[in-house]
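Please look through the sequence and the model first, and then follow the paragraphs below with the structure open beside you.

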2 protein chains.
Amino acid sequence: MTATAKEPRAHQESQEPQEPQGNPRKRRAILNAAGTVFLRDGFTRAGIDAIAAEAKVSKQTVYNHFGDKERLFMAMTDDVQDRTVAHVMELMDRDFPDPSKLTGPEDLRAALLQLAGEWIRVVYTGPLVALRKLVDAESEHHPYLQQRWFTNGPSRTMPRLNRLLSALARAGLLDVPAEVLDVPDLLAYQLTAMAGSAVRRIEPGVDFEAEFQRRVAQGVDFFLRAYAPR
Amino acid sequence: MTATAKEPRAHQESQEPQEPQGNPRKRRAILNAAGTVFLRDGFTRAGIDAIAAEAKVSKQTVYNHFGDKERLFMAMTDDVQDRTVAHVMELMDRDFPDPSKLTGPEDLRAALLQLAGEWIRVVYTGPLVALRKLVDAESEHHPYLQQRWFTNGPSRTMPRLNRLLSALARAGLLDVPAEVLDVPDLLAYQLTAMAGSAVRRIEPGVDFEAEFQRRVAQGVDFFLRAYAPR
DNA sequence: AAAAATATGGACTCACTAGTCCAGCTATCG
DNA sequence: CGATAGCTGGACTAGTGAGTCCATATTTTT
């Protein structure tokens, strides 16, 4: 009878203070279990009992930590997104070369290939796709989920990628019209959406890795065909 | 006690014979109601009782016609898709000009704008998006749903659009490299994915229609920037 | 007009789930 | 060491939803 939902709920707006009550190790275990079970079964079908079992924790503990199913779902979503965003950010630091160091168009292509490939891999294979589907499916019933998703994810990564690509344009390595540069995140969207064709159904039986690379390359080449200076 | 699921179920493979038992008007009413309720509430939350009520039909009648919830869902999905595909096909007939009649690049741009705009409007606003989300969300649990979706929808429309675009390339109005032409549906995908940026979250408060048009134009211009001959 | 097929509505079974309550157990920390 | 916060497991409430059954009514076909 510790925390039977004291706060009057502060969803809509922003960050619930959420003092980290209880043992953090249990909290982690529950969060992970929630990830597993929600992603496997979907929001409605997933049972708190199943999550508690998966986390090797009693049901009451789940309620002590997270209050109710919906808040548990949100906490799990935030958690997965935070870790993914960190991953993607690191990726951009690591794989994106200093524009001034690129010697020729082949270098540029290689860099984009590397970056777009890793980006797509992280964002579109792995648990994030499934999670996105869930959020999408639930968003009809919990509209703020959508907004939260964007605020928490794409709104953090896309401007970053867009800045990197704009820098290439400024350095003369890409020839991008001003109308495009002026629209927030558009350039980043164009690159990732194209490379995202990598996500279209890959026939079973086909070598996934090879096909994946091929499609990322198609996307990057389309992007370059539009914006490579000549 | 007419049809308590006699057939041993023939999902996985192809078309259930499904002789149209019962009154077709009731069948239509149920299908429409199923559309409304499933799309509003999602698969799990939607109740057969609610659907029956919406269709002004008794619960038993629903079961007589469709056997169970899952088959009802599939029948509804097929129905919506069939009607959408018909719509899109008609659109292509209507809006896509004879390549030989196009006099200049401005004509081409206008034609693509028209076609892509209508296409995106039909496919990405309206009930189909919501349905797609549902199928996506359920596909974890009923894997054949995905395949059925593609077979029934994109597999019918994309090759058609691709053929139209290829014709433009053949007529010299677009300059598309052979590697692209050789990949099935790639060209069509590139156009629609680009114009599909129109679907990215439009801020509430912004004039939807204007913003929509602007984005479709961005997509088409990107496409043309890559493939317009010079 | 009789026979056959369908539709109705309401009662019923069965399974399942969110969330609560509680009495006893365990780890932690002053 | 003893108090306290957190954890456990299981029993319990209250609600919901799929699918069935059936006696009665309505519609369609012959």
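**The surface near the DNA**

In this predicted model, the residues that form the surface near DNA strand C can be sorted by class into four nonpolar, eight polar and five charged. Altogether, 17 residues surround DNA strand C, and the closest of them are A:Ala46, A:Lys59, A:Gln60, A:Lys69 and B:Thr61. If we turn to the DNA side and consider the atoms of strand C that lie within 4 Å of the protein, 60% of them belong to sugar or phosphate, while the rest belong to bases.

Several individual approaches to the phosphates can be followed in the model. The side chain of B:Thr61 has an N or O atom 2.7 Å from a phosphate oxygen of DNA strand C, and in B:Ser58 a backbone N or O atom lies 3.0 Å from a phosphate oxygen of this strand. From chain A, the side chain of A:Tyr63 places an N or O atom 3.5 Å from a phosphate oxygen of DNA strand C. The elements that contribute two or more residues to the surface near this strand are α3 (59–66) of chain A and α3 (59–66) of chain B.

**A pair of helices in chain A**

Further along chain A, helix α7 (residues 144–152) packs with helix α8 (residues 154–170) at an angle of about 35 degrees, and their axes are 4 Å apart. On the α7(A) side the residues involved are A:Trp149, A:Phe150, A:Thr151 and A:Asn152, which meet A:Pro154, A:Ser155 and A:Arg156 in α8(A). Sorted by class, the contact of α7(A) with α8(A) contains three nonpolar, three polar and one charged residues.

Key:
Residues are numbered from 1 along each chain as its sequence is written. Chains are lettered from A and ligands numbered from 1 in the order in which they are written. This is a predicted model: local features need pLDDT of at least 70, side-chain atom pairs count only at pLDDT 80 or more; totals for chains, interfaces and linings use all residues. Side-chain values use heavy atoms; hydrogens and water are left out. Axes are lines fitted to C-alpha atoms, for helices over the stretch in contact, and angles run from 0 to 180 degrees between N-to-C directions. Contact means heavy atoms within 4.5 Å. Ala, Val, Leu, Ile, Met, Phe, Trp, Tyr, Cys and Pro count as nonpolar, Asp, Glu, Lys and Arg as charged, and the others, Gly among them, as polar. A residue is near a molecule or strand if one of its heavy atoms lies within 4 Å of it. A polar contact is a pair of N or O atoms within 3.5 Å; within protein, one must be able to donate a hydrogen and the other to accept it, and residues adjacent in sequence count only if both atoms are side-chain atoms.
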